Amino acid sequence: MSAHAAGTSSSVRPEPCSPGNDLWLIDGRLVLFHWFTGDGEWAGHEFNEDSVTVKMVIALFEAVQDRAIPHEEFTI
């Protein structure tokens, strides 16, 4: 197992773990999950106000934002 996989290197930040579903974070208090089948068909949705779930999504967005390229530096 590599140091990265084992989490033993202090210089390697773990990648954020994202939900396997499309989602919207609404007003920092509500998550709307969208579900799709394996072939891309719509399968439904769920609103979730559970504080643990909302905090996980907020932490995910913050972790991704920390890794993002600032808009003024982004080029195609």
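Is Asp 27 buried or exposed? In this predicted model, Asp 27 comes out as exposed, because its relative accessible area is 66%. That residue sits in the loop between strand 1 and strand 2. Its backbone is a bit unusual too: Asp 27 is not a glycine, yet its phi is positive, at about 55°. For background, most residues other than glycine have a negative phi.

Stepping back to the overall layout, the chain holds 2 helices and 3 strands. Read from the N terminus, these elements follow the order α-β-β-β-α. The chain has 76 residues, and 17% of them are buried. About 6100 Å² of surface is exposed, with carbon and sulfur atoms supplying 56% of that area. As for how the chain folds back on itself, take the contacts between residues at least 6 apart in sequence: 31% of these join residues at least 24 apart.

Helix 2 covers residues 51–67. With 17 residues at 1.5 Å each, helix 2 should span 24 Å, and its end C-alpha atoms lie 25 Å apart, so the two values agree. The buried residues of this helix are Thr 53, Val 54, Val 57, Leu 60 and Ala 63. They pack against strand 1 (22–26), strand 2 and strand 3 (42–48).

Some of this packing shows up again in the largest nonpolar core, a set of 5 residues made of Leu 23, Val 31, Phe 33, Val 54 and Val 57. Strand 2 and helix 2 each bring at least two residues to this core. In general, nonpolar side chains tend to be buried together in soluble globular proteins. Val 57 gives a close-up of the arrangement: leaving out residues up to four places away in sequence, Val 57 touches Leu 23, Leu 25 and Val 31.

Strand 2, which runs over residues 30–36, has two further residues worth a look. Leu 30 belongs to this strand and counts as buried because its relative accessible area is 11%, below the 20% cut-off. Beyond its neighbours within four places in sequence, Leu 30 is in contact with Trp 24, Leu 25, Phe 47, Asn 48, Glu 49 and Val 54. Leu 30 and Lys 55 are 25 residues apart in sequence, and their C-alpha atoms are 9.9 Å apart in space. His 34 is also part of strand 2, and its relative accessibility of 14% is why His 34 counts as buried. Once residues up to four places away in sequence are set aside, His 34 touches Asn 21, Asp 22, Trp 24, Trp 42, Gly 44 and His 45.

Charged side chains give a short story: the count comes to 1 salt bridge. Arg 29 pairs with Glu 49, with 3.3 Å between the closest N and O atoms. This pair links distant parts of the chain, as Arg 29 lies in the loop between strand 1 and strand 2, while Glu 49 lies 20 residues away in the loop between strand 3 and helix 2. Arg 29 is partly exposed, given its relative accessible area of 44%, whereas Glu 49 counts as exposed at 56% relative accessibility.

Finally, there is a nonpolar patch on the surface. Ile 69, Phe 74 and Ile 76 make up this patch, which covers about 420 Å². One of its members, Ile 76, lies in the segment after helix 2.

Methods
Residues are numbered from 1 along each chain as its sequence is written. This is a predicted model: local features need pLDDT of at least 70, side-chain atom pairs count only at pLDDT 80 or more; totals for chains, interfaces and linings use all residues. Side-chain values use heavy atoms; hydrogens and water are left out. Helices (H or I, at least four residues) and strands (E, at least two) are DSSP runs, numbered from the N terminus. Buried means under 20% relative accessible area, exposed over 50%, partly exposed in between (1.4 Å probe, protein chains only). Contact means heavy atoms within 4.5 Å. Patches are made of residues with over 30% relative accessible area and no salt bridge: like charges are joined within 9 Å, nonpolar side chains (Val, Leu, Ile, Met, Phe, Trp, Tyr) within 5 Å. Accessible areas come from the Shrake-Rupley method with a 1.4 Å probe; for residues, only the protein chains shown count as cover. A salt bridge is a side-chain nitrogen of Lys or Arg within 4 Å of a carboxyl oxygen of Asp or Glu. The expected span of a helix is 1.5 Å times one less than its number of residues. A nonpolar core is a set of buried Ala, Val, Leu, Ile, Met, Phe, Trp, Tyr and Cys residues joined through side-chain atoms within 4.5 Å.
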